[in-house]
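Here are a few exercises to work through with the model open in your viewer. Have a go at each task before you read its solution.

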Amino acid sequence: MIELQDVSKTYHLGEVRVPALKHVSLKVERGDFVAIMGPSGSGKSTLMNIIGCLDAADEGRYLLAGFPVSLATHSELAELRNRHIGFIFQSFNLIPRINALRNVEMPMIYAGVNPETRRKRALTALAIVGLRGREHHTAAQLSGGQQQRVAIARAIVNNPDVIIADEPTGALDSQTSQEIMQLFAQLNAGGKTIVMVTHEVDIARHARRVIQVKDGQIFNIRYQ
Amino acid sequence: MYLHPGIIRDVFVQAVYSLSDNKLRTVLSILGIAVGIAAVMAVGSVIQSAREYIFAEFQTYGLKTIWIYRDWGDDNENKVVRQGSGIDNDDFEVIQHGCCSAVQRASPVVYSQKYTVTVNNGNDFYDAPVEGVGLDYLNINNDNILVGRNFSRNDIEHRKEVALIGLKAAEELFGKNSSYLNKSFRLYKRKYTVIGVLANKKREIIAQLGIDNYDINGRVLIPYTVYQSILGSKDVHTLQAEAVSMDKTHEASKQLEDLLQRSHGGRYNYTTETMDGWINQAKTYLRNISLAGLFVASVSLLVGGMGIMNIMSTSVIERTREIGVRKAIGAQNHDILFQFLMEATYVSTIGGFIGLLLGIVAVYVVSMVSEYDLNPSWSMGFVAIVVSMLVGIVSGFYPAYRAAKLRPVDALRFE
Ligand SMILES: Nc1ncnc2c1ncn2[C@@H]1O[C@H](COP(=O)(O)OP(=O)(O)OP(=O)(O)O)[C@@H](O)[C@H]1O
Ligand SMILES: [Mg+2]
């Protein structure tokens, strides 16, 4: 599903070069559930951004479902993000002011789905994450856990192959975090490939594989 | 570029939310646009009404009219001093017999050097502009007879002492609301019978602009042959003619001038004036007023446009993260561009409609305080709305473009 070959990424801060990823190769099969762990600044988010087609690598090849992402245009990247990837962020990142339903409809608006189908699918997604009855709440009217559930509904509504979650429970208490992980497990059981960054061992436990990153390199892969 | 149908409603909802977040700034930008559009609307409507008024007044001269008269300055050009007006009844006869293809009809105009002559009906004296004219004079000048009749061929050939007088002249001589027909008055010691009264003509603006102070409604017209016999000369002071059409006026004046030059052996110079020339002058005058108004309008539209650019730039910065999220979930650059352009256009169009209302109110207020009846110009209103939308698109473009070009990773990292 995901195939990174010898991928490098270096940031430039003025004169200073910050190598964030150094020759990383990684393969994630369809249906896998991978947790990425590592110290702060080790390059986890950089890796996630590349996998999520939000940013391009400087070097190396990246194939997503066989598609050569490293060669894609801006517009093709947007389309890949829209159809093949669902994002879940630490800070939820719901669009403020509009309600849960319209937030979940948003990826389908950009995909050009017609209004009736859009609404039906958004309601189904919200039901899957257990938010039936909260469709018309805005982010400000929802708890952190509920906001993250809306974000998950938004991430799955276009039926993507891969879910990219950068510290999805970083802003949640442990009780809520475990509930969110139950949802992840459920999605994974339904066939979704999940790549998730976390600092917490309790959270990483839900994954099938744990990848340790340090100084921009993968130094350990553990199956559990 | 393909825009998803769902986006238009989404964008509208977004625009309403984000604009109501920045109420003061939004209101100020809307006001800026509104003032500009109100200026466009008010100036445009006033100009439109002024144009209608002035052209209505120009109609009272006949739009195809030509005047030709001796250029009295020709005495100075090393020529022998010439007596006479350089136009006579024979010239008129030649014109009557169809000398000039571009001339539809013509009339001699004879007047005294003093220009106004005292007329009286025994008790009431009145200084009137008196003119001796031909059969076609009324027709050329778009004059209407209120009561009575025009001169007849017989009146002119047999020098009948009859007169057509303006309504104002009639009232001066005989008082209001009396019957004027067949009344008589004295002029140069002779008695004239009123055979017709001419309807009043409106030349208020023209008089106010000082273009022509001739007391049109106080005129006294007599057959030109009669006036010539009073003055003891066969001179015609001005030949007034009508061209076959508006675009033939120059050709017609050329033909008339050539005719006069030929028949008088080139002894005189002539001056021709056409209504066409006056109309062009009026158009220039109105265009200059429009340009001044346009300048005021563009300044306030510029200020309003900069206001919109400012709120949109702020909005883009405040919503950087949101832009990142939208891109992460699949928004194309043009989706983001369109969203912010639409937002800018909503602000400016709301400003446009408010400005339109203000402009209409302004037109009615001016109409009430001035003596002129002004009307809002709807075509101008349409232009105003289109202009306000354009201002939104133009001033929203740069911020929208910046938003569209944001890299998703950078936008998502923005705090
Ligand atoms: N836009 C950027 N410009 C410059 N340097 C950057 C940028 N983004 C990341 N870096 C640097 O790249 C390195 C990797 O950053 P990254 O965000 O991938 O780390 P991380 O593992 O996600 O850390 P954390 O656990 O704190 O989220 C760090 O040294 C960071 O300072
Ligand atoms: Mg990180």
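**Exercise 1.** Find which residues are closest to ligand 1 in this predicted model.

*Solution.* Start by collecting the residues with a heavy atom within 4 Å of the ligand. That gives 15 residues around ligand 1. The closest are Ser40(A), Gly41(A), Lys44(A), Ser45(A) and Thr46(A). Next, sort the shell by class: five residues are nonpolar, seven polar and three charged. Finally, check the placement: ligand 1 lies between chains A and B, and the space it takes is the largest pocket.

**Exercise 2.** Work out which elements give two or more residues to the shell around ligand 1.

*Solution.* Map the shell onto the secondary structure of chain A, and you get β1 (2-13), β2 (16-28) and α1 (44-51). Then rank the shares: α1(A) supplies the largest one, three residues.

**Exercise 3.** Look for side-chain N or O atoms close to oxygen atoms of ligand 1, using a cut-off of 3.5 Å.

*Solution.* Take the side chains one by one. Ser40(A) has an N or O atom 2.5 Å from a ligand oxygen. For Thr46(A), the distance to an oxygen of ligand 1 is 2.6 Å. With Ser45(A), it comes to 2.7 Å. Now for the surface: on its own, ligand 1 exposes 630 Å², and the protein buries 73% of that.

**Exercise 4.** Find the salt-bridge partner of Arg407(B) and say where each residue sits.

*Solution.* First scan the whole structure, which turns up 21 salt bridges over all chains. In one of them, Arg407(B) pairs with Asp55(A), with the closest N and O atoms 3.6 Å apart; that passes the 4 Å cut-off. Then place the two ends. Arg407(B) is in the loop between α13 (378-405) and α14 (408-413) of chain B. Asp55(A) is in the loop between α1 and β4 (59-64) of chain A, and the pair crosses between chains.

Conventions
Residues are numbered from 1 along each chain as its sequence is written. Chains are lettered from A and ligands numbered from 1 in the order in which they are written. This is a predicted model: local features need pLDDT of at least 70, side-chain atom pairs count only at pLDDT 80 or more; totals for chains, interfaces and linings use all residues. Side-chain values use heavy atoms; hydrogens and water are left out. A polar contact is a pair of N or O atoms within 3.5 Å; within protein, one must be able to donate a hydrogen and the other to accept it, and residues adjacent in sequence count only if both atoms are side-chain atoms. Accessible areas come from the Shrake-Rupley method with a 1.4 Å probe; for residues, only the protein chains shown count as cover. On a 1 Å grid over the protein atoms alone, a cavity is a set of points where a 1.4 Å probe fits but cannot get out, and a pocket is an open set with protein on both sides within 12 Å along at least five of seven lines; lining residues have an atom within 4 Å of a point. A molecule sits in a cavity or pocket if more than half of its atoms lie within 2 Å of its grid points. Helices (H or I, at least four residues) and strands (E, at least two) are DSSP runs, numbered from the N terminus. Ala, Val, Leu, Ile, Met, Phe, Trp, Tyr, Cys and Pro count as nonpolar, Asp, Glu, Lys and Arg as charged, and the others, Gly among them, as polar. A salt bridge is a side-chain nitrogen of Lys or Arg within 4 Å of a carboxyl oxygen of Asp or Glu.
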